[in-house]
Amino acid sequence: MDPEGAAKAFMDHYYTTFDTNRAAVEGLFQEGSILTFGGEKFMGAAAITVKLTSIQFSSCKHHVTTIDCQPSGPTGGMLVFVSGTMHFGGGEPPLKFFQVFHLMPAEPENLYVLNNYRVNYE
């Protein structure tokens, strides 16, 4: 699969997993993975999952507006920039977000998140 197609497929999987079973995103990270969220850093799949599952909303749905991808380094990594909106149950207004992923090959045909920067804004 071409890098842009692989990035889009991974993002579709990531956001579908986040929106339907947030705890299952742990499988998309490894022990060396780092998440920066709201100015805080979390390292390792377990710590990242604890943070993501502690976010206080009962349901959400990501609507991705853009996915831009660039190759990163000689080992098959990719930098992926995503922007869009999060929609919550209960009639709350949507929240804009942008997120940067540094994806790395885990094994043939699979990727994992090495670095993840997340910013929400109004």
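**Reading the labels on this predicted model**

Q: Why is Phe98 called partly exposed?
A: In this predicted model, Phe98 has a relative accessible area of 29%. Buried would require under 20% and exposed over 50%, so Phe98 falls in between and is partly exposed.

Q: And what makes Phe81 partly exposed?
A: Its relative accessible area is 34%. That value also sits between the cut-offs of 20% and 50%, so Phe81 gets the label partly exposed.

Q: Why is the pair of Phe81 and Phe98 called stacked?
A: The two ring centres are 5.8 Å apart, and the planes meet at 25°. Centres within 6.5 Å make a pair, and planes under 30 degrees apart count as stacked, so both conditions are met.

Q: What makes this a link between distant parts of the chain, for Phe81 and Phe98?
A: Phe81 belongs to strand E4 and Phe98 to strand E5, with their positions 17 residues apart in sequence.

Q: Why is the pair of Tyr14 and Phe101 called edge-to-face?
A: Here the ring centres are 5.0 Å apart and the planes stand at 75°. Since planes over 60 degrees apart count as edge-to-face, that is the name this pair takes. Both Tyr14 and Phe101 are buried.

Q: How do you know that the pair of Tyr14 and Phe101 ties together separate parts?
A: Tyr14 is in helix H1 and Phe101 is in strand E5, so the pair joins parts that are 87 residues apart in sequence.

Q: Which residues do ring pairs link into a cluster?
A: Tyr14, Tyr15, Phe18, Phe29, Phe97 and Phe101 are joined in this way. The structure has seven aromatic pairs.

Q: How do you know that the charged end of Arg22 sits over the ring of Phe18?
A: The charged end of Arg22 is 5.2 Å from the centre of the Phe18 ring. The distance limit is 6 Å, so the pair is inside it; the label also asks for a position within 35 degrees of the ring normal. Arg118 has a similar label: this residue lies over the face of Phe97, 4.4 Å from the ring centre.

Q: Why does Cys69 count as buried?
A: Its relative accessibility is 16%. The cut-off for buried is under 20%, so Cys69 qualifies. This residue lies in strand E3, residues 60-72. Apart from neighbours within four places in sequence, Cys69 is in contact with Pro3, Glu4, Ala7, Met78, Leu79 and Val80.

Q: What makes E2 and E3 the edge strands?
A: The open sheet has six strands in the order E2-E1-E6-E5-E4-E3, with mixed pairing. Strand E2 (40-43) and E3 each pair on one side only, and these are the edge strands. On average, neighbouring strands of the sheet are turned by 15° against each other, direction ignored.

Q: What packs on the sheet, touching E1, E3, E4, E5 and E6?
A: Helix H1 (residues 3-20) does, and its direction makes about 150° with that of E3.

Q: How do you know that E3 and E4 pair?
A: They share twelve bridges in the antiparallel sense. At least two bridges are needed for strands to pair, so E3 and E4 meet the requirement. One of the bridges joins Val64 to Gly84 in E4. The two strands form a hairpin with four residues between them, and Gly73 in its turn has a positive phi of about 80°.

Q: And how do you know that E4 and E5 pair?
A: Nine bridges connect them in the antiparallel sense, with Leu79 partnered by His102 in E5. Their hairpin has six residues between the strands, and Gly90 takes a positive phi near 90°.

Q: How many bridges do E1 and E6 pair over?
A: Strand E1 (residues 29-37) and strand E6 (residues 110-121) pair over five bridges, in the parallel sense. Thr36 has Tyr117 in E6 as its bridge partner.

Q: Which residues in H2 are buried?
A: Ala45, Ile48, Thr49, Lys51 and Leu52 are buried in H2. They span an arc of only 160° around the axis, so they lie on the same side of H2. The buried residues of H2 pack against H1, E1 and E2. Helix H2 (residues 45-54) lies across E1 and E2, at about 40° to E1.

Note on methods
Residues numbered from 1 in each chain as written. Predicted model: local features only at pLDDT ≥ 70, side-chain atom pairs only at ≥ 80, totals over all residues. Heavy atoms only, no water. Buried < 20%, exposed > 50% of the residue type's maximum accessible area, 1.4 Å probe, protein only. Contact = heavy atoms within 4.5 Å. Axes fitted to C-alpha atoms, helices over the stretch in contact; angles between N-to-C directions. Phe/Tyr/Trp six-rings, centres within 6.5 Å; stacked < 30°, edge-to-face > 60°. Arc of directions from axis to C-beta.
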